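Me: Got a minute to go through a model with me? I'd like to talk it over piece by piece.

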Amino acid sequence: MLLALGGIVLPSPASAATLVEVTNFGDNPGGARMHIYVPDVHPANPAILVAMHGCGGSGPGFFSGSQFASLADQYGFIVIYPTATQQAGFGNCFDVWSDASKRRGGGSDPVSIASMVNYALQRYNGDRQRIFATGSSSGGMETNALLALYPDLYKAGAAFMGVPFTCFANAADFPPTNSRCVNGQMDRTPQQWGDAVRQAFPGYTGARPRVQLWHGTNDTLVPFQLLQETIEQWTNVFGLSQTPTSTDTPQPSWNRRRYASGGTVQVEAYSIQGAGHSLPMSGMALAAIQFFGLDRAGPSPSPSASPSPSPSPSPSPSPSTPVPPGCRIGYTVNPWNTGLTAQVTITNTGTAAINGWALAFTLPSGQTITGAWNATISPNSGAVTARNVSFNATIARNASVSFGFQANHTGNTGRPNAFTLNGTACSIA
C-alpha cells in the first residue's frame with residue numbers, strides 16, 4: 001500500500017471483483033434493480049457512491065460505460081448501480097415526476113435507492129458520514145431529488161445534465177415535446193426553487209449536501225438554461241448569493257463557478273463549452289469524486305470479504321479496430337404527434353471487445369434528429385452515423401451499450417432497415 005499526497009493509493013493488479021446483483025435489499029416501491037460493486041481492497045468502513053444511468057440505460061450499462069468502478073478500485077469506495085424500471089415515454093427513467101417522488105418517504109425510486117444504501121451500510125459496514133450520489137441525465141435529475149429528499153443521508157452529489165428538483169409537474173410533463181420543464185420555458189425564482197427543496201422534508205434544519213452540477217452549452221435535449229435554474233435552487237437552499245465567489249477554467253472548455261460560505265464550496269457548477277447531451281466525459285468522474293473527497297484518505301483499508309467487479313476498461317476516443325463478426329441492434333421508437341424518441345442498443349456478439357464504434361444507418365424519410373444522448377450523430381437526416389462518446393467507447397464481448405435521440409417526423413415513425421457497425425452488417429433484434 002502506497003501513500004501519495006495524503007491519500008490512500010491502492011495497488012492496481014488485475015481485480016477479481018465483479019458486479020453483483022442484489023435482489024432482496026429491502027423496501028422497493030419503485031421496482032428498481034440493484035447492482036453493487038465492492039472493490040477487492042477497501043477501508044473497514046467504506047464510503048458509498050450511488051451512480052445512476054440515463055433514460056433507456058441500466059445499472060450494468062452505467063458500470064461498464066463510466067469510470068466510477070475503476071476509481072472505486074483506486075480509492076476503495078463501494079458503488080451502487082441502480083436500474084430504473086419506470087417508463088414515462090422513454091423507458092427505464094428514474095422517477096422525478098410523481099407526487100411520491102417529491103416527498104420524503106413518499107415512495108417510488110427515492111425510497112428504493114435509500115433501501116439500497118441501507119443494505120450496503122449494513123452488509124459492508126459502510127461509513128454513514130460518506131454517502132454520495134451521482135448520475136447522468138435521468139440519473140442526474142434523480143441525484144438532485146435524492147439530495148432534496150434525504151439531506152441527512154447523502155453528504156454530497158454530482159448531477160450531470162440534470163434539472164432542478166420538482167421541475168417536472170407529472171408524468172405527462174416528462175416527454176420533451178410536451179414538457180414545460182425542458183422546452184425552454186421554465187423560469188422560477190431562486191426562492192421558489194429553494195422552497196421546493198425545503199418542502200420535501202418539512203422541519204429539517206440540519207446540514208445540506210454539497211452540490212456539483214455539470215451541463216453542456218450545446219445540450220438540446222435538456223437545455224443548458226436549466227443549469228442556471230438548478231444553481232438558483234441550491235444557492236437559495238444554502239442561503240448564498242447568486243454571484244459566484246470564484247470562477248475559473250480548470251480544463252479547456254470547462255468553465256467553473258463556485259459558491260462558497262465559510263471557506264467551504266457548497267455549490268459548484270461546470271459549463272462545458274460545445275458539449276451536447278453526452279456527459280460525463282473523460283476526467284469528469286474523477287472531478288466528481290474529488291469534490292466528494294473520495295480521493296483522500298479514509299479509514300485503513302482491509303481486504304473485501306466478498307467478490308466485486310473488475311475495473312471499467314479505458315475508453316478509446318474513436319473506432320480503432322475492426323468489429324469482430326457479430327453485432328445485434330435493438331431499436332425502440334416512442335412517437336407522438338410530430339416528434340419521436342428512439343432508443344438504440346448495440347450488443348457485441350463477436351469474439352473480442354470493440355474499442356471505439358460508429359453505427360451507420362439511414363433514417364426513414366421525414367425524420368430529422370434534434371438531439372441525442374450517449375452518442376454524437378451526424379448529419380441529422382438521411383444516411384447518418386452515430387459515434388461513441390468518451391465514456392462508452394468500449395463494448396466488451398457479449399456486452400451492450402445504448403444511446404438515443406429525439407427527432408421530428410412528418411408522419412413516418414418507422415425504424416431503419418439496416419445497420420452497420422464499423423463497416424460490419426448487424427442483425428436486428
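What follows is a chat about the disulfides, cores, helix packing and backbone of this model.

Me: Before we start, what sort of model is this?
Reply: It's a predicted one.

Me: OK. How many helices and strands does the chain have?
Reply: There are seven helices and 26 strands.

Me: And what share of the residues is buried?
Reply: Of the 429 residues in the chain, 56% are buried. As for contacts with a separation of 6 or more, 72% of them are between residues 24 or more positions apart.

Me: Let's do cysteines. How many disulfides are there?
Reply: Three. Counting bonded cysteines along the chain, the pattern is 1-2, 3-4, 5-6.

Me: Take Cys55 and Cys93. How far apart are the sulfur atoms?
Reply: They're 2.0 Å apart. Cys55 sits in the loop between β6 (48-52) and α1 (59-65), and Cys93 in the loop between β7 (78-83) and α3 (108-124), so the disulfide ties together parts that are 38 residues apart in sequence.

Me: Are those two buried or exposed?
Reply: Cys55 and Cys93 are both buried. The S-S torsion for this pair is about 130 degrees, so the disulfide is right-handed.

Me: What about Cys167 and Cys181, where do they lie?
Reply: Their sulfur atoms are 1.9 Å apart. Both cysteines lie in the loop between β9 (156-160) and α5 (190-200), so the parts tied together are 14 residues apart in sequence. The torsion about that S-S bond is about 110 degrees, so this disulfide is right-handed. Cys167 counts as buried at 1% relative accessibility, and Cys181 is buried at 0%.

Me: That leaves Cys327 and Cys426. Which hand does that disulfide have?
Reply: Left-handed, because its S-S torsion is about -95 degrees. The S to S distance is 2.1 Å. Cys327 is in strand β15 (residues 327-336) and Cys426 is in the loop between β25 (424-425) and β26 (427-428), so this disulfide bridges parts that are 99 residues apart in sequence.

Me: How accessible are Cys327 and Cys426?
Reply: Cys327 has 4% relative accessibility and counts as buried. Cys426 is at 13% and counts as buried, given that the cut-off is under 20%.

Me: Switching to the interior. Which residues touch the most other members of the largest nonpolar core?
Reply: Ile36, Ile80, Tyr154, Val163 and Phe168, out of 61 residues in that core. The largest share of the core comes from α3, with eight residues.

Me: What does Phe168 touch?
Reply: Leaving out residues up to four places away in sequence, Phe168 touches Val96, Trp97, Lys102, Met141, Val163, Asp173, Phe174, Ser179, Cys181 and Val182. One of those, Cys181, is half of the disulfide with Cys167. There's also a second, separate core of 35 residues, which includes Phe77, Phe160, Ile272 and Ile289.

Me: Ile289 is in α7, right? Which residues of α2 meet α7?
Reply: Phe68, Leu71 and Tyr75 in α2 meet Ala285, Leu286 and Ile289 in α7.

Me: At what angle do α2 and α7 pack?
Reply: About 45 degrees, with the axes of α2 (residues 68-75) and α7 (residues 284-292) 10 Å apart. The two helices are therefore oblique to each other. The crossing of α2 past α7 is right-handed.

Me: How many residues of α2 are buried?
Reply: Six of the eight, so α2 is largely enclosed by the rest of the structure. The buried ones are Phe68, Ala69, Leu71, Ala72, Asp73 and Tyr75. After α2 comes Gly76, with a positive phi near 80 degrees.

Me: On to backbone oddities. Which peptide bond before Pro280 is cis?
Reply: The one joining Leu279 and Pro280, with omega about 5 degrees. Pro280 is in the loop between β13 (264-272) and α7. The bond from Ser378 to Pro379 is cis too, with omega near -15 degrees, and Pro379 falls in the loop between β20 (376-378) and β21 (383-387).

Me: And what is the phi of Ser108?
Reply: It's positive, about 60 degrees, although Ser108 is not a glycine. Ser108 is in helix α3 and is buried, with a relative accessible area of 8%.

Me: Where is Asn125 found?
Reply: Asn125 is in the loop between α3 and β8 (131-136). Its phi is positive, near 55 degrees, and Asn125 is partly exposed at 44% relative accessible area.

Terms used
Residues are numbered from 1 along each chain as its sequence is written. This is a predicted model: local features need pLDDT of at least 70, side-chain atom pairs count only at pLDDT 80 or more; totals for chains, interfaces and linings use all residues. Side-chain values use heavy atoms; hydrogens and water are left out. A disulfide is a pair of cysteine sulfur atoms within 2.5 Å. Helices (H or I, at least four residues) and strands (E, at least two) are DSSP runs, numbered from the N terminus. Buried means under 20% relative accessible area, exposed over 50%, partly exposed in between (1.4 Å probe, protein chains only). A nonpolar core is a set of buried Ala, Val, Leu, Ile, Met, Phe, Trp, Tyr and Cys residues joined through side-chain atoms within 4.5 Å. Contact means heavy atoms within 4.5 Å. Axes are lines fitted to C-alpha atoms, for helices over the stretch in contact, and angles run from 0 to 180 degrees between N-to-C directions. Angles under 35 degrees count as roughly parallel, over 145 as roughly antiparallel, 65 to 115 as roughly perpendicular and the rest as oblique. A crossing is left-handed if the near helix is turned anticlockwise from the far one by less than a right angle, and right-handed if clockwise.
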